[in-house]
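Biologist: I'm new to this one. Could you walk me through how to read its strands and its disulfides?

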Amino acid sequence: MDLGYGQPYCYRGARLCVTWELHRTRPYAWSGVCVHPEYCRWLLEQPELTDIRCRYSEGTLFENGPPDQPCGAGADELFGFCGGRCGDTCPDPFDGVPSCVGVSETRGFGVCARSRVRCGRRDGSVAGIPPGGACMLLSPMALPEYAGHGWRVVRETCVAYRARFPEEVRCLGIDGRDL
């Protein structure tokens, strides 16, 4: 199971990854280029292009677009909420890729991740969480190999996001327990 980069997914809150489904090397593998939601809406209206789809950060398919929701409150000032009405607010992290994850068909905004590097359970604990951080797991997770893996986020932001979307977000501490 790869815990490395989720690339080449486009980790921007305002963009999605467009994939060519016929060229997937494995059922869970997908990659593509970054596009705006307007392109994804146009794509859905093209009956001859059914093998080209847009996907969100957790791999779910773009169908109607994210809901128009106000930006949430209670997040960390630097690594807070992003996408939708929150805007492109993520800072450039160490690896140089602003990472906004969580925007989906049911969530109108996402969370600024500290990195594209995934976090996940190992031997009862969670690997890859910096001090003051959490591992944010989203559901539904369309990529089975990432079902127990999430993104490195600030604890405060994760808890605020979970409060907004309690059925779809889990926040794990370094001990592997829910925060």
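Modeller: Sure, and keep in mind that this is a predicted model. Let's start with a pairing: strand β9 (residues 133-138) runs antiparallel to strand β10 (residues 149-154), with four bridges between them.

Biologist: How should I read a pairing like that?

Modeller: Strands of a sheet pair through backbone hydrogen bonds, either parallel or antiparallel. Here you can go down to single residues: Met136 has Trp151 in β10 as its bridge partner.

Biologist: With which other strand does β9 pair in the antiparallel sense over four bridges, apart from β10?

Modeller: That's strand β11 (residues 169-172), again antiparallel and over four bridges. On that side, look for Cys135, which stands opposite Leu172 in β11.

Biologist: Is β9 enclosed by the rest of the structure or exposed?

Modeller: Check burial residue by residue; the cut-off for buried is under 20% relative accessible area. Six of the six residues of β9 are buried, so the strand is largely enclosed by the rest of the structure. Gly133, Cys135 and Leu137 point one way, while Ala134, Met136 and Leu138 point the other way, and all are buried.

Biologist: Now the disulfides. How many are there?

Modeller: A disulfide is a covalent bond between the sulfur atoms of two cysteines. In this model the count comes to six. One of them joins Cys158 to Cys171, with 2.0 Å from S to S. This pair links distant parts of the chain: Cys158 sits in helix α2 (residues 155-164) and Cys171 in strand β11, 13 residues apart.

Biologist: What about the handedness of the link between Cys158 and Cys171?

Modeller: Look at the torsion about the S-S bond. For Cys158 and Cys171 it is -100°, and the link is left-handed. Cys158 is buried, with a relative accessible area of 0%, and Cys171 is buried with 0% as well.

Biologist: Which disulfide is right-handed, then?

Modeller: Try Cys82 and Cys100: the torsion about their S-S bond is about 95°, so that disulfide is right-handed. Cys82 lies in strand β4 (residues 81-82) and Cys100 in strand β5 (residues 99-101), so the pair ties together parts that are 18 residues apart in sequence. Their S to S distance is 2.0 Å, and both Cys82 and Cys100 are buried.

Biologist: In what order do β4 and β5 come in their sheet?

Modeller: It's an open sheet of three strands, in the order β4-β6-β5, with antiparallel pairing. β4 and β5 stand at the edges with a single partner strand each, so one side of each is left without a neighbour in the sheet. Between β5 and β6 there are three bridges, and Cys100 stands opposite Cys112 in β6.

Biologist: Which cysteine is joined to Cys112 by a disulfide?

Modeller: Cys112 is joined to Cys90, with an S to S distance of 2.1 Å. Cys90 lies in the loop between β4 and β5 and Cys112 in strand β6 (residues 110-113), so this pair ties together parts that are 22 residues apart in sequence. The torsion about the S-S bond of Cys90 and Cys112 is about -95°, so the disulfide is left-handed.

Biologist: Are Cys90 and Cys112 buried or exposed?

Modeller: Use the under 20% cut-off again. Cys90 is buried, with a relative accessible area of 15%. Cys112 is buried too, with 0%.

Note on methods. Residues numbered from 1 in each chain as written. Predicted model: local features only at pLDDT ≥ 70, side-chain atom pairs only at ≥ 80, totals over all residues. Heavy atoms only, no water. Buried < 20%, exposed > 50% of the residue type's maximum accessible area, 1.4 Å probe, protein only. Helix = DSSP H or I, 4+ residues; strand = E, 2+ residues; numbered from the N terminus. Pairing = 2+ DSSP bridges. Disulfide = S-S within 2.5 Å.
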